[in-house]
Amino acid sequence: MANIRDVAKLAGVSPASVSRILNNDTTYHTTEETANRVFSAAKKLNYHIPQNRRSKRKRIRFGCISRMTVEHTKDSYFSSIANSIQSFCRKNNIEFELLQSQFDVENPNLLKNFLSSNLNGVIVMGYVDPIIIDSILEKGISIVGIDSSSDKIDNVRYNRYQAGCYAMQYLLAKGHKKIAYVGSNIYPDKVWDLGRFEAYKKMLSTENIPLNPDWVIDCKWQRETCYKLVTKLLSSNDKPTAFFVASDHMAIAAMSAINDYGLRIPEDISIIGITDIEVSKYLNPPLTTIKIPQEEIGTIAASTLLGRVNSDTTIVKQIYIPTELIERKSVKSI
């Protein structure tokens, strides 16, 4: 009696493809020619889907690993992306669980449990240890990254350098030459994390403005650290006229420091961020920022992962999402 592997061999496809075509899986996308080959092979071999399998066909399951910290769990940027992934999965009848942080799956036992949970695909948000990515790929599980550092998997990201250039060009066009930078991991080993700071340095150089190392703040993406270091800079005799901050969440902490120090935004100091989280437009004053389309990032990542699960074997993709300037009232001309 023929089995599903016999059908797959005759049709020249994988057993998984045979199963999903014969089960009329609407989430599986294939060519009419391939589907006809499968049906023809099944008919020729007199293969019939077992009745118990028809009734027990499982839904696709996605998991997620994120480089979460206490700060990131409060970060609406990551939450917005996760919500859009969940929305895509609901619409496409996919089970989705925001399963683990990287720091959890670095534990071998937790990683083993994660990999044995019948996942078809995993979305990796941010940097994740390459060993973990290799472990997932070795299990035959598809992966798509959101701004990850791995060149082995598809990635959906925004161009950090370009976004940084937009922010700096805007400040320079407004007449600012004394510009401070607030970011994190400013001098990392990984080139992929240099974009925004590289843009800051390049745009200063283009205008023949010397970089003042005292105006470069590495806040480690910690709000309290950002607040303290911005306050320290404001207490110096030589103050900047503007801050370029590499995320809106850190920009909010910087704005708090500026206000508490007794200075006004933008009358005394201007500030621009990157992200355009929901709260940014409700601040006082509303924050000028570079918009990263978070919902689109999550949707495209989930859609790309579904394609990989559905046998997309094309080359690894690097998908860049465009950014745009959102002009509000936190920057003035000087």
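Start by selecting aspartate 134, which is partly exposed with a relative accessible area of 25%, where partly exposed means between the limits for buried (under 20% relative accessible area) and exposed (over 50%), computed with a 1.4 Å probe on protein chains only. The model is a predicted one, in which local features need pLDDT of at least 70 and side-chain atom pairs count only at pLDDT 80 or more, whereas totals for chains, interfaces and linings use all residues. Residues are numbered from 1 along each chain as its sequence is written, and side-chain values use heavy atoms, with hydrogens and water left out.

Aspartate 134 lies in helix α9; helices (H or I, at least four residues) and strands (E, at least two) are DSSP runs, numbered from the N terminus. If you add serine 150 to the selection, you will find its C-alpha 9.9 Å from that of aspartate 134, although the two residues are 16 apart in sequence.

**Around α9**

Extend the selection to the rest of α9, where Ile132, Ile133, Ser135 and Ile136 are buried. These residues are on the same side of α9, because they cover an arc of only 160° around the axis, the arc being that of the directions from the helix axis to the C-beta atoms. Turning to the face away from that buried side, you come to the exposed residues Ile131 and Glu138.

Next, show helix α8 (residues 108-115) together with α9 (residues 130-138): the two pack at an angle of about 35°, with their axes 11 Å apart. Axes here are lines fitted to C-alpha atoms, for helices over the stretch in contact, and angles run from 0 to 180 degrees between N-to-C directions. In this pair, Leu111, Phe114 and Leu115 of α8 meet Ile132, Ser135 and Ile136 of α9, contact meaning heavy atoms within 4.5 Å. The residues of this contact comprise five nonpolar, one polar and no charged, with Ala, Val, Leu, Ile, Met, Phe, Trp, Tyr, Cys and Pro counted as nonpolar, Asp, Glu, Lys and Arg as charged, and the others, Gly among them, as polar.

**Towards the N terminus**

Move now to helix α1 (residues 4-11) and helix α3 (residues 32-44), whose axes come within 9 Å and cross at roughly 125°. The two helices α1 and α3 are therefore oblique to each other, given that angles under 35 degrees count as roughly parallel, over 145 as roughly antiparallel, 65 to 115 as roughly perpendicular and the rest as oblique. Select Val7, Leu10 and Ala11 in α1, which meet Arg37, Val38, Ala41, Ala42 and Lys44 in α3; by class, this contact has six nonpolar, no polar and two charged residues.

Keep α1 in view and add helix α2 (residues 15-22), which packs against α1 at an angle of about 100°, with the axes 8 Å apart, so that α1 and α2 are roughly perpendicular to each other. Here Ile4, Arg5, Val7 and Ala8 of α1 meet Pro15, Val18 and Ser19 of α2, a set that divides into five nonpolar, one polar and one charged.

**A strand residue, then the whole**

Select threonine 275 in strand β9 (residues 270-275), a buried residue with a relative accessible area of 6%. Leaving aside neighbours within four places in sequence, threonine 275 is in contact with Tyr77, Ser247, Asp248, Thr289, Ile290, Lys291, Ile292 and Gln294.

Finally, display the full protein, which has 14 helices and twelve strands, and in which 49% of the 334 residues count as buried. Among contacts with a separation of 6 or more, 71% are accounted for by residues 24 or more positions apart.
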